[in-house]
Amino acid sequence: METEGASSVTVRKTSCTPKAIIHQNFGPNACYKVEEVHESAENGCPGLAIVQKGPCLYRCTLQLPEITVVSGIFKKKKDAEQSAAELALEKLRINPATKSSSLPETWDGLVSRLKYLFSDEFLSSLHPLSGHLRAALQRDCHLAGLIPACAIAVFDATLSNLCKSIDPKVEANPFLIISYVMRAAAKLTGFIASSEGELWIRRQNPYPPEIIELSSIQQNPNNPEIIVSPSDQQSGSPEILMVEAINIPCSLEKTVERVFLNLTSSGYFLDVIAKQLGLLEAADLMISRPVGKASSETRLHFAAPKQYLLDISSDLLHAKEVRSFEGSLNARASYLSGQDIYGDAILATIGYTWRSKDLFYEDVSVQSYYRMLIGKTPSGLYRLSRGAILAADLPLAFTTNAKWKGSLPREMLCTFCRQHRLSQPIFSTLSSLEESSDSSQSHKKLRVTDLIAKDTQHANGCVVSAGSKETVESGGSFRCEIKVYSKFQDLILECSPKESFKKQSDSVQNASLKALLWLDIYFRDPNVPFERLKASADGLDIRFEPKIFVEAFMLCQPLHNVGHNEIEEGKLVYPNSVNVPNALSGHGLRSLNIEGPDSGISPSNGSLSCVSYSASLVTEEHLKEQLETSDDFEFEIASGAVNPHLESVLIQMSVGQSACFIVDLPPRELIFAAADDSARMLSLLSSKTCCLEYTIRLLRVTEPLEDRMEQALFSPPLAKQRVEYAVQSIKESCATTLVDFGCGSGSLLDSLLNYTTSLEKIAGVDLSQKSLTRAAKILNSKLNSTSDADTSCTPLKSAILYDGSVTDHDSRLCGFDIGTCLEVIEHMEEDQAHLFGNVALSYFCPKILIVSTPNYEYNVILQKSTLSTTEDDVDERNESQPCKFRNHDHKFEWTRAQFNCWATELATRHNYSVEFSGVGGSGDEPGFASQIAVFRRRTVPQEDYPEELSDSEHRYQVIWEWASSDRSRCAL
């Protein structure tokens with residue numbers, strides 16, 4: 001017996017979610033009721049005088065026959081349901097984590113499952129395997145009722161899981177399931193028949209006639225051994241179906257080609273596939289996992305090696321391991337399936353589903369095959385998501401959701417992991433509000449595996465750290481860390497970007513993209529020297545374990561030209577090499593021709609450009625075949641999201657112009673993935689001279705937002721340069737009080753806390769309550785989390801935020817040492833900008849006032865267009881369009897002369913001196929990107945000092961206030 005001497009061995013059952021376990025135990029008697037919960041939001045900022053709108057939250061009540069439980073509050077309904085299920089399991093004292101069974105018990109379960117699969121009840125059910133059983137009953141003569149063991153092993157998940165419990169090696173080699181199926185069948189003598197050395201199983205006794213009728217199949221009266229469908233009896237002849245499939249030869253010297261499978265409604269499709277591979281019948285077949293999506297019926301079919309038949313009859317339980325298949329590894333098929341495939345293989349989309357008893361089938365074209373091939377790489381996934389295989393490329397940076405086109409990085413990373421049979425990635429986000437206070441509950445697990453399931457709350461397969469709170473509309477910034485594990489929970493790579501983002505989702509997308517970019521570097525050239533791969537990993541904040549990385553992507557290497565399965569001579573190298581590059585080659589561009597008048601509107605860095613394009617294959621014989629076309633293809637300039645040849649041409653064009661150019665051929669895989677007619681492509685590619693021709697037309701250009709443009713062009717970003725300028729002025733003046741006019745989200749005030757200054761009091765005023773709320777949260781977190789040691793060397797005693805207009809009077813802002821107004825006045829109408837200048841210098845009277853605003857003359861550099869002024873004549877202005885403002889919200893942008901005039905008049909009128917400077921650029925023509933005026937107050941007689949004004953002039957509302965003596969206090 002197979003189980004002798006193994007009674008002491010325990011087998012851990014596969015883990016299920018709490019909700020799944022409740023369903024297993026109670027079925028329809030478990031009733032979930034989910035209700036919305038309306039709560040005031042926890043803004044994490046005591047004393048904030050703005051009412052916060054809370055998120056949409058949910059609570060779940062689970063009613064069972066014995067008990068009723070109520071979950072906590074969650075952002076997602078499914079998380080609330082999982083939490084309620086987990087609480088119910090705790091009350092019922094059901095602990096799935098420790099539930100285990102002995103090896104004999106698991107074997108008994110496997111035998112019972114196999115017996116059920118051949119039961120009367122199962123034959124008429126809607127199950128993928130029952131479709132095979134019904135089809136097997138229609139096989140010819142002596143084959144009637146014989147079902148291939150591979151079909152049982154592949155199409156019943158419950159049986160597969162039982163085999164994994166017996167032997168974890170099944171996860172890595174699913175073909176081992178066949179061995180266990182045949183051994184279980186041997187225990188059912190008298191009910192199931194099998195033959196030694198043959199991979200088939202059948203039921204010994206015929207199914208009852210009523211079961212045959214219920215299953216919509218009938219016996220042929222001329223031959224009781226053969227079953228035919230009712231439709232065939234009515235028509236007199238079986239329906240013939242022609243399904244397109246792909247033959248993938250084992251030899252790399254042979255090309256992948258399409259074949260046609262002639263199926264009949266009264267036949268068994270696996271027999272047809274076996275015949276196509278030169279086999280006698282379906283029992284000689286092996287079937288792979290699904291290729292692509294887990295729910296897909298696209299699979300690889302290949303011959304079972306004869307040596308495997310001997311392995312079936314060997315004592316597997318006492319053998320150390322099953323011998324490897326003998327024969328040639330099919331590199332291309334193995335790459336697609338993620339498991340070893342030997343000999344020639346047929347890729348087909350045929351099978352039975354849970355939805356219908358009818359056979360499901362779809363054509364698989366050569367184009368589909370190559371799309372599956374390139375879809376195994378990060379850049380290929382992105383190209384496919386854009387529907388632009390010959391035009392798109394994986395972007396180099398994530399900007400915003402609005403500008404990102406195609407599948408988002410997080411989605412692509414999850415898809416990549418599924419396709420390579422890795423565990424789903426773990427995303428951990430950290431808020432700066434929690435990080436700065438060293439909160440032990442700051443990490444929020446968006447998806448976590450069983451590795452860290454201890455002391456956690458389950459949420460439908462995801463695991464959330466126990467006690468952690470979801471930060472909603474937090475005022476801090478976020479960082480994200482990603483970990484990718486193998487199916488066996490070995491850490492493959494860890495990505496921990498240092499950058500932080502205002503939105504949690506942006507931090508996740510950024511970290512995901514970094515992981516994808518590094519993986520794509522490897523997939524583009526797996527022969528890359530190890531030192532370079534390590535350097536690129538360091539540059540992208542990635543840590544990886546080389547040996548585990550090699551093992552995880554072993555079967556991915558057949559598409560690349562590499563050597564042995566080890567790290568050797570500074571390179572990552574692998575066996576079974578094939579030279580198939582994965583990226584558009586960097587060959588030069590030629591024969592460029594741009595047509596049409598220059599409209600003056602051209603793309604610039606960060607702008608969104610929209611084009612129509614077509615890509616065609618052309619030969620020296622002037623034959624031309626269109627490969628790809630799009631009427632509306634949009635992408636961000638300088639983000640790396642497009643073929644570099646296309647972008648290099650585009651930046652030379654203006655809206656309305658068309659261009660035609662030629663480049664050398666990209667890898668053939670991309671051509672076949674784009675082409676509808678593979679036979680035609682093969683014929684054209686046989687030409688001695690063949691190239692790719694692009695025709696594009698620039699339809700429109702959307703200019704980038706100001707902050708995106710500044711970040712793209714300046715290092716450090718222009719906003720940081722303005723802050724550093726203000727900090728330097730504060731240090732030089734030894735100012736103790738500061739007011740920021742138009743403080744927005746508090747970026748300047750927040751940044752000031754990172755520097756050592758003499759400031760004891762800071763204040764901010766703005767019209768936007770949303771921005772003030774964010775500013776309050778940021779400042780509150782940073783100030784209240786400062787340790788005593790830090791406080792002793794930081795003189796800041798108070799901070800306050802006001803809701804109000806900077807053109808209104810409020811005596812509480814009078815007499816500050818220094819006032820700042822950075823990039824604010826251009827958001828007002830010009831008359832309001834003049835009013836602000838008068839109010840600030842005549843009423844608030846700071847000793848120093850720093851005002852910055854964009855230099856309109858610098859836009860010529862930012863937007864790569866020609867500047868026109870009011871003095872240009874009409875004809876010249878029509879030929880050369882003026883620059884656009886940097887932001888759609890700007891009401892004006894001044895030249896240096898206009899800004900100088902405004903500032904000089906104000907200084908003269910209000911007894912101030914003024915100096916001009918700027919940041920961004922060298923200061924040479926056309927000046928700085930941001931121009932700055934620094935006003936310095938001359939001596940004012942004490943009797944004229946504005947602080948003597950009445951306290952009744954309090955037009956601003958205090959939004960938030962902080963004092964070092966009692967930390968944060970309520971302002972209501």
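Colleague: In strand 15, which residue is the bridge partner of Arg-299?

Modeller: In this predicted model, strand 14 covers residues 298-303 and strand 15 covers residues 345-351. The two strands pair in the antiparallel sense over five bridges. In strand 15, the residue bridged to Arg-299 is Ala-348.

Colleague: Which residue of strand 14 stands opposite Leu-285?

Modeller: Strand 13 spans residues 285-287. Three bridges join strand 13 to strand 14, and the two run antiparallel. Opposite Leu-285 in strand 14 stands Ala-303.

Colleague: Why is strand 14 described as largely enclosed by the rest of the structure?

Modeller: A residue counts as buried when its relative accessible area is under 20%. Strand 14 is largely enclosed because, of its six residues, the number buried is five.

Colleague: How many of the 11 residues of helix 9 are buried?

Modeller: Helix 9 runs over residues 176-186. Its buried residues include Leu-176, Tyr-180, Arg-183 and Ala-185. Helix 9 is largely enclosed by the rest of the structure, because the buried residues number 10 of the 11.

Colleague: Which strands are the edge strands of the open sheet of five strands?

Modeller: Strands of a sheet pair through backbone hydrogen bonds, either parallel or antiparallel. Here the order is 26-29-30-27-28, with antiparallel pairing. An edge strand of this sheet pairs on one side only, and the edges are strand 26 (589-595) and strand 28 (624-636).

Colleague: Which residue of strand 29 stands opposite Arg-590?

Modeller: Strand 29 holds residues 658-663, and five bridges join strand 26 to it. These two strands run antiparallel. The residue of strand 29 opposite Arg-590 is Ile-662.

Colleague: At about what angle does helix 24 run to strand 28?

Modeller: Helix 24 is made of residues 678-685. It lies across strand 27 (608-619), strand 28 and strand 30 (690-702). Its angle to strand 28 is about 105°.

Colleague: Which helix gives the largest share of the largest nonpolar core?

Modeller: In soluble globular proteins, nonpolar side chains tend to be buried together. The largest nonpolar core here has 155 residues, and Leu-114, Phe-118, Ile-152 and Trp-518 have the most contacts inside it. Its largest share is 10 residues, from helix 19 (residues 504-524).

Colleague: How many residues does the second, separate core have?

Modeller: Among the residues of this second core are Ile-730, Ile-762, Leu-796 and Leu-801. It is separate from the largest core, and its residue count is 37.

Key: Residues are numbered from 1 along each chain as its sequence is written. This is a predicted model: local features need pLDDT of at least 70, side-chain atom pairs count only at pLDDT 80 or more; totals for chains, interfaces and linings use all residues. Side-chain values use heavy atoms; hydrogens and water are left out. Buried means under 20% relative accessible area, exposed over 50%, partly exposed in between (1.4 Å probe, protein chains only). Helices (H or I, at least four residues) and strands (E, at least two) are DSSP runs, numbered from the N terminus. Two strands pair if DSSP finds at least two bridges between them. Contact means heavy atoms within 4.5 Å. Axes are lines fitted to C-alpha atoms, for helices over the stretch in contact, and angles run from 0 to 180 degrees between N-to-C directions. A nonpolar core is a set of buried Ala, Val, Leu, Ile, Met, Phe, Trp, Tyr and Cys residues joined through side-chain atoms within 4.5 Å.
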